[in-house]
Amino acid sequence: MPYTAATVLPAGTLSAAPQPVLPTGDGLVLRPWRAEDAPAVHAVFQDPLIHQWHLRAAESLAEVAGWIEEWQRAWSGERDAQWAVADANTDRIRGRVALREIALGEGTAEVAYWTAPEARGHGTAARATVALAHWALDEIGFHRLELSHATANEASCRVATKAGFVLEGTRRSAALHRDGWHDMHLHARVQGD
C-alpha cells in the first residue's frame with residue numbers, strides 16, 4: 001500500500017557509511033563505543049543518580065560488554081545509534097549520547113544521554129546533545145528529535161533547554177522507574193530551530 005507522504009530519509013541513510021566521530025568543537029568528541037570502554041561504563045552505572053533516573057542497572061562487566069556489542073551492532077540496523085562522549089585529549093569517557101527509536105521514513109528519533117559523575121556540572125550532556133542534534137538535523141536531514149526525562153529530574157530539563165529542545169508538554173505517568181511511575185517532560189527540536 002503506498003504512503004501519501006514522501007519518505008524523509010531512505011533506508012541506508014545511516015548504515016551506508018561507518019558510524020561517524022562527531023567533535024563538539026569544545027574539548028569533547030562523540031565516537032563509537034569500543035570494547036575497552038566496558039569498565040568505565042560499569043563504573044558510571046554504580047552511581048546512585050544513574051540508578052535514580054535510568055531504567056538499567058549494570059551488575060557485571062560482562063553485562064556491560066554485551067551492551068557495548070549491542071550498541072556497536074545497532075548502527076547497521078538503523079533503529080538506534082549510540083556514541084561515547086569522550087574527552088578529546090584523553091579519550092576518558094564523560095558520558096553517552098544516543099538516537100533511539102529512529103524512524104528514517106518519518107525523519108524522527110529520540111535523544112537520550114547520561115553523564116559520568118565527574119563530568120557533571122561542566123555542560124557535558126548539553127554540549128554532546130547540541131553536537132548530535134546539529135549532525136542529525138542539519139547534516140543527515142532528520143526532521144524532528146524528541147527528548148524525554150522525568151519531570152523531577154531538573155538537571156536533565158536544564159540540559160534539554162540548553163541544547164535547544166523546546167518543552168512541549170508533560171506525559172503523565174509515562175515511565176516506570178524503580179520508585180514508581182514518573183511523569184515525563186517531552187522536549188523537541190525540529191529542523192530550523
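These exercises walk through one protein structure, each with a worked solution.

This is a predicted model, in which local features need pLDDT of at least 70, side-chain atom pairs count only at pLDDT 80 or more, and totals for chains, interfaces and linings use all residues. Residues are numbered from 1 along each chain as its sequence is written, and side-chain values use heavy atoms, with hydrogens and water left out.

**Exercise 1. Overall build**

Find how many helices and strands the protein has, and in what order the elements run.

Solution.
- Start with the terms. Helices (H or I, at least four residues) and strands (E, at least two) are DSSP runs, numbered from the N terminus.
- Count them. The protein has five helices and eight strands.
- Read from the N terminus. The order is β-β-α-α-α-β-β-β-α-β-α-β-β.

**Exercise 2. Size check**

Compare the radius of gyration of the protein with that of a compact globule of 193 residues.

Solution.
- Take the rule. The radius is computed over C-alpha atoms, and the globule rule is 2.2 Å times the number of residues to the power 0.38.
- Apply the rule. For 193 residues it gives a value near 16 Å.
- Compare. The protein has 16 Å, which agrees.
- Add the box. Along the principal axes, the C-alpha atoms fill roughly 50 × 40 × 35 Å.

**Exercise 3. The sheet**

Work out the strand order in the sheet, and which strands stand at the edges.

Solution.
- Set the criterion. Two strands pair if DSSP finds at least two bridges between them.
- Recall the chemistry. Strands of a sheet pair through backbone hydrogen bonds, either parallel or antiparallel.
- Write the order. Eight strands form an open sheet, β1-β2-β3-β4-β5-β6-β8-β7, with mixed pairing.
- Find the edges. β1 and β7 each have a single partner strand, so one side of each is left without a neighbour in the sheet.

**Exercise 4. Following β2**

Trace the partners of strand β2 (residues 28-31), and say where its side chains point.

Solution.
- Go to β1 (residues 22-23). Two bridges join β1 to β2, and the two strands run antiparallel. P23 is bridged to V29 of β2.
- Look at the turn. The hairpin of β1 and β2 has four residues between the strands, and G25 there takes a positive phi near 85°.
- Go to β3 (residues 81-87). β2 and β3 pair antiparallel over four bridges. R31 has A84 of β3 as its bridge partner.
- Take the next step. β3 and β4 are also antiparallel, over six bridges. Here A86 is matched with I93 of β4.
- Check directions. L28 and L30 point one way from β2, and V29 and R31 the other way.
- Check burial. All four are buried, meaning under 20% relative accessible area; exposed is over 50%, and partly exposed lies in between (1.4 Å probe, protein chains only).

**Exercise 5. Unusual phi angles**

Locate E78 and E101, and decide whether each is buried, partly exposed or exposed.

Solution.
- Know the norm. Most residues other than glycine have a negative phi.
- Take E78. Its phi is positive, about 60°, although E78 is not a glycine. E78 lies in the loop between α3 (61-77) and β3. With a relative accessible area of 10%, E78 is buried.
- Take E101. Its phi is also positive, about 50°. E101 belongs to strand β4 (residues 93-103). At 48% relative accessibility, E101 is partly exposed.

**Exercise 6. Around H177**

List what H177 touches beyond its neighbours within four places in sequence.

Solution.
- Place H177. It is in strand β7 (residues 166-177).
- Check cover. H177 has a relative accessible area of 9%, so H177 is buried.
- List contacts (heavy atoms within 4.5 Å). They are Q52, W53, H54, L55 and H182.
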